Amino acid sequence: MSNKNFKKNHKKTEQPKTDTQNQIVQWFPGHMAKTRRLIKESLPFVDLVTEIVDSRIPLSSSNPELEEMIGNKPRIVLLNKCDVADENATKQWVEYYKKKGIYALPVDCRSGKSLNAYLPLVREILKDKIQKNTEKGMVGKPLRVMVVGIPNTGKSSFINKMAGRNRAKVADKPGVTRSNSWFAVGNGIELLDTPGVLWPKFDDPKVGDKLAFIGSVKDEILDSETLALKLIAVLKTDYAERLTERFKITDFEELQDYEVLEMIGRKRGFLISGGEIDYERTSVILLDEYRAGKLGKLTLEYPREYE
């Protein structure tokens, strides 16, 4: 979007003209339909399902089709990237899942934080299965765990840490793993990696925005300036102090979203010819810094919103 069009589109309104909901159909690549089928076909062969979600948006980063697909299979939810989420909010999410009979474990899959608790938890949940195997003379029969999650939530990083070697593909862009793969991780446990899969549509367009904020939707699909403005609107409401700390901006109630973006651009010196703000560069930097946790530990949804 050119600077001229940016100002024209955003100076008169707080709502960007790009409609996230109109773009949802592009967020379900063809390979994801295949992934859904692979998950359903593989479920009979696993003992437990581990879902990896983003601690900053646990429910928005959880596939709502999963619960129906897995039925009564035991489930562990790994609240990944807990190091960039609000710690108090994460504790609330652990209690939220506990009330639903689901085990939740805050972790950071890149650093390995708290992953030492994962295998003992799997064996504790499946202790009856282990006992039955023993009674049938199948001591040491591997426990099989399916690992699922939407793109870019950290599945490959998790498997790499658990396997102790970089056998699974890892990247910061969604959609890297395209086929099911098994990995032995020790202690009699095998992990089944599945490609990241979104779902066909979102009933709430805000869910799509949150997924885009954390990078689970490819950046090429959405206009970076529009997405940055939406993020600013959220941060102004819930984490204004973080914007002040990071960019030395105050009095948000007097500023429109595009004005905040302009101020960030000027403070960073992102200017082009004529002293105009480079809105695209400013937007990309803001999104990158949010995703990297440089704005602080931020959570964008809380259990109270869903209770």
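Student: Let's start with helix 7: which of its residues are buried?

Tutor: They are K155, S156, S157, F158, I159, N160, M162 and A163. "Buried" means under 20% relative accessible area, "exposed" means over 50%, and "partly exposed" lies in between (1.4 Å probe, protein chains only). Helices (H or I, at least four residues) and strands (E, at least two) are DSSP runs numbered from the N terminus.

Student: How much of helix 7 is that?

Tutor: Helix 7 spans residues 155-163, and eight of its nine residues are buried. The cover over those buried residues includes strand 1 (48-54), strand 2 (75-80), helix 5 (118-125), strand 4 (143-148), strand 5 (181-184) and strand 6 (189-193). Contact here means heavy atoms within 4.5 Å. Just after helix 7 comes G164, with a positive phi near 80°.

Student: Before we go on, what sort of model is this?

Tutor: It is a predicted model, in which local features need pLDDT of at least 70 and side-chain atom pairs count only at pLDDT 80 or more, while totals for chains, interfaces and linings use all residues. Residues are numbered from 1 along each chain as its sequence is written, and side-chain values use heavy atoms, leaving out hydrogens and water.

Student: And how do I read the chain as a whole?

Tutor: The protein chain has 12 helices and six strands. Of its 307 residues, 51% are buried. Take the contacts between residues at least 6 apart in sequence: 70% of them join residues at least 24 apart. The accessible surface, from the Shrake-Rupley method with a 1.4 Å probe and only the protein chains shown counting as cover for residues, comes to about 15,000 Å², and carbon and sulfur atoms hold 47% of it.

Student: How should I read salt bridges?

Tutor: Side chains of opposite charge can pair when their charged atoms come close. The cut-off used is a side-chain nitrogen of Lys or Arg within 4 Å of a carboxyl oxygen of Asp or Glu. By that rule, the structure holds 14 salt bridges.

Student: Which residue does K230 pair with?

Tutor: K230 pairs with D209, with 3.3 Å between the closest N and O atoms. K230 lies in helix 9 (residues 224-238) and D209 in helix 8 (residues 205-214), so this salt bridge ties together parts 21 residues apart in sequence. K230 is buried at 15% relative accessibility, and D209 is buried at 12%.

Student: Where does K210 find its partner?

Tutor: K210 meets E301 in a salt bridge of 3.0 Å, N to O. K210 is in helix 8 and E301 in the segment after helix 12 (279-291), so far along the chain that 91 residues separate them. K210 is buried at 13%, and E301 is buried at 0%. There is also a network: salt bridges with shared partners join E51, E67 and R75.

Student: Do tell me about a pair with more access to solvent probe.

Tutor: Try K127 and E124, whose closest N and O atoms are 3.1 Å apart. K127 is partly exposed at 46%, and E124 is partly exposed at 44%.

Student: How do I describe two packed helices?

Tutor: Two packed helices are described by the angle between their axes and the distance between the axes. Axes are lines fitted to C-alpha atoms, for helices over the stretch in contact, and angles run from 0 to 180 degrees between N-to-C directions. Here the axes of helix 9 and helix 12 come within 8 Å and cross at roughly 50°. That makes helix 9 oblique to helix 12; angles under 35 degrees count as roughly parallel, over 145 as roughly antiparallel, 65 to 115 as roughly perpendicular and the rest as oblique. The crossing is left-handed, meaning that the near helix is turned anticlockwise from the far one by less than a right angle (clockwise would be right-handed).

Student: What can phi tell me?

Tutor: Most residues other than glycine have a negative phi. S114 is not a glycine, yet its phi is positive, about 70°. S114 sits in the loop between strand 3 (103-106) and helix 5, and is partly exposed at 30%. K248, also not a glycine, has a positive phi of about 60°. K248 is in the loop between helix 10 and helix 11 and is exposed at 59%.

Student: Is F252 buried or exposed?

Tutor: F252 is buried, at 8% relative accessibility. F252 lies in the loop between helix 10 (240-247) and helix 11 (257-268). Leaving out residues up to four places away in sequence, F252 touches K236, A240, L243, T244 and V260.
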